[in-house]
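Please open the structure in a viewer that allows selection by residue number. The tour proceeds by selection, with a short account of what is found at each stop.

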Amino acid sequence: MSVHVVIMGVSGCGKTTVAQAVAKRLGFVMAEGDDFHPKANVEKMSHGIPLNDDDRWPWLKTINEWMVGQDRQGKSTVISCSALKKAYRDVLRRNLDVLFVHLVGSEDLIGSRMAKRTGHYMPTSLLPSQFADLQPLQPGECGVEVSIDGTPDEIERQAIEAVERYLKERKAE
């Protein structure tokens, strides 16, 4: 039984770090959602231009196809992906059971963390556009919110525990 987890949230909330922790702890194949962006998307973001839906649809479809391919091989996955809107999450979960782990924090907290990171093309100036697009998990969506107010270890532990609960529920079905 393959399991697919999307660690979601706005840029700078810690998606990659948490996805790596989940992959390491549970033995899932991990992918960085940003790696699936076409060059044009990366160029736009690096120049401070927010992506629009037309930019995102092919990117989301590619991520879904990767997860479906892993599923066909019987592999469980965890991927970091903003998945800001319900419609985006609908694309990601096409033909799959997906658990969304939404890393939640204030714009001030995330902005301060983004200002300290290096080597990422996403400027802090785009954070407000991410919050403007963000649609929290909706009733009926398979997901859980995890606060990023704690330490990295606490955040990772909460996310791993959420995935482990999901695994137990799936096995009980």
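Phe100 is a suitable first selection: this residue of strand S4 stands opposite Gly143 in S5. The coordinates belong to a predicted model, and every stop below should be read accordingly.

**First stop: strand S4 and its partners**

Extend the selection to residues 98-104, which form strand S4. Is this strand enclosed or open? Six of its seven residues are buried, so S4 is largely enclosed by the rest of the structure.

Next, add residues 143-147, strand S5; the pairing of S4 with S5 is parallel and runs over five bridges. Then add residues 4-8, strand S1, which also pairs with S4 in the parallel sense, over five bridges. To locate the register between S1 and S4, select Met8 and His102, which stand opposite each other.

**Second stop: the cysteines**

Select Cys13, Cys81 and Cys142 and display their sulfur atoms. How many disulfides does a search of the whole structure find? The search returns zero. A disulfide is a covalent bond between the sulfur atoms of two cysteines.

Begin with Cys13, whose closest cysteine sulfur is that of Cys81, at 11 Å, which is too far for a bond. The criterion for a disulfide is a pair of cysteine sulfur atoms within 2.5 Å. Cys13 is buried, with a relative accessibility of 3%.

Move to Cys142. Its closest cysteine sulfur is likewise in Cys81, here at 16 Å, and this too is too far for a bond. Cys142 counts as partly exposed, at 32% relative accessibility.

**Third stop: two residues with positive phi**

Most residues other than glycine have a negative phi. The next two selections depart from that pattern.

Select Ala83, in the loop that runs between strand S3 (77-80) and helix H4 (86-92). Its phi is near 45°, a positive value in a residue that is not glycine. Is Ala83 buried or exposed? With a relative accessible area of 0%, Ala83 is buried, the cut-off for that class being under 20%.

Finally, follow the chain past H4 to Asn95, which lies in the loop between H4 and S4. Asn95 is not a glycine either, yet has a positive phi of about 65°. Its surroundings contrast with those of Ala83: Asn95 is exposed, at 69% relative accessibility, whereas Ala83 is buried.

The loop holding Asn95 leads back to S4, the strand at which the tour began.

Conventions. Residues are numbered from 1 along each chain as its sequence is written. This is a predicted model: local features need pLDDT of at least 70, side-chain atom pairs count only at pLDDT 80 or more; totals for chains, interfaces and linings use all residues. Side-chain values use heavy atoms; hydrogens and water are left out. Buried means under 20% relative accessible area, exposed over 50%, partly exposed in between (1.4 Å probe, protein chains only). Helices (H or I, at least four residues) and strands (E, at least two) are DSSP runs, numbered from the N terminus. Two strands pair if DSSP finds at least two bridges between them.
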